[in-house]
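Me: I would like to learn how to read a protein model, one feature at a time. Could you take me through it slowly?

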Amino acid sequence: MKEKIFQMINTEAFPTPFCPGCGHGILMGAVLRAIAELEYDMKQMLFVSGIGCAAWIPSPHFKADTLHTLHGRAIVYATGAKLYNPKLKVVVISGDGDLSAIGGNHLIHAARRDMDMTVICANNAIYGMTGGQVASTTPLGSMTTTTPKGNQEPPFDLCKLVEGAGATYVARQSVAAPIPLTRILKKAISHRGFAFVEALSPCPTHFGRRNAFRTAYDMIQSLKNSCISTEKIRGMSPEELLGKIIVGQLVDKGTEGGRS
Ligand SMILES: Cc1ncc(C[n+]2csc(CCOP(=O)(O)OP(=O)(O)O)c2C)c(N)n1
Ligand SMILES: [Mg+2]
């Protein structure tokens, strides 16, 4: 497996540009492992990203066709490529800001159309690459460079957003649980139709240090403590679920649909 994954990466592109403790590298590894375990041929795949730290995950690190596009426009390019060549397995990997703020409209409409593509959102709850501004995913009260008194605006629940828009596969997992994350990525990548994965990825540099996390390790521990799986929430009251993040498969409408 190690050898196989080694052949899927551009070794000259390493080390990655990610800060120490950033979760995006774990996500990168999980995506590669998922593809390797599925035994998909990278030559039949296209990876599309927008702009941001997360957008560096596929390009230039994957030895495959990649499109590193404009901020917020990854899904647009992915849609065009898929329409031109329906045989392509198209995977979008980008950040929460890129996909759900500037690119939010494209996200909901691709979900509504059940476009046959996988969208992997590396959600670090902040605009990482540009210095830590508030995002559409930043939790209430969190400190960012643009919310010095704490964020006053409620964040999107990305999974609910795309489910409401029509996505036929939706799942959430954190990079603190790389094996379940890989399992979900395999399901999402092999899904026919619009598949969405929200990968919770810590940003110690911009989110952590402004929000009382002393180390990157603390952020991983906090994710471990607050994530609860869909199986475990049965029978729990809304009060017990307060502050918890539900992870696991949230929607799976089978693999019959999908527009291309
Ligand atoms: C049209 C346009 N507006 C703004 C920017 C500046 N910009 C680049 S990346 C980014 C946000 C990235 O945040 P996110 O998508 O969450 O990725 P992260 O860096 O957190 O992984 C912004 C605002 C830009 N490049 N282009
Ligand atoms: Mg981000």
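Reply: What follows covers a ligand shell, a nonpolar core and a helix pair. This is a predicted model, in which local features need pLDDT of at least 70 and side-chain atom pairs count only at pLDDT 80 or more, while totals for chains, interfaces and linings use all residues. Residues are numbered from 1 along each chain as its sequence is written, and chains are lettered from A and ligands numbered from 1 in the order in which they are written.

Me: Which residues come nearest to ligand 1?

Reply: A residue is near a molecule if its C-beta atom, placed from the backbone, lies within 6 Å of it. Here 17 residues surround ligand 1, and G52, G95, G97, D98 and G128 come nearest.

Me: Which residues touch the most other members of the largest nonpolar core?

Reply: Such a core is a set of buried Ala, Val, Leu, Ile, Met, Phe, Trp, Tyr and Cys residues joined through C-beta atoms within 7 Å, where buried means that 20 or more other C-beta atoms lie within 10 Å of a residue's own. The largest has 72 residues, of which V31, V92, I120, F196 and V197 touch the most other members. Helix α2 (residues 24-38; helices are DSSP runs of H or I, at least four residues, numbered from the N terminus) gives the most to this core, with 9 residues.

Me: At what angle do the axes of α5 and α6 cross?

Reply: Axes are lines fitted to C-alpha atoms, for helices over the stretch in contact, and angles run from 0 to 180 degrees between N-to-C directions. Those of α5 and helix α6 (residues 158-165) come within 7 Å and cross at roughly 45°. That makes α5 oblique to α6, since angles under 35 degrees count as roughly parallel, over 145 as roughly antiparallel, 65 to 115 as roughly perpendicular and the rest as oblique. L107, I108, A111 and R112 of α5 make the contact with L161, V162 and A165 of α6, contact meaning C-beta atoms, placed from the backbone, within 7 Å.

Terms used: Buried ≥ 20, exposed ≤ 12 C-beta atoms within 10 Å, placed from the backbone. Helix = DSSP H or I, 4+ residues; strand = E, 2+ residues; numbered from the N terminus. Contact = placed C-beta atoms within 7 Å.
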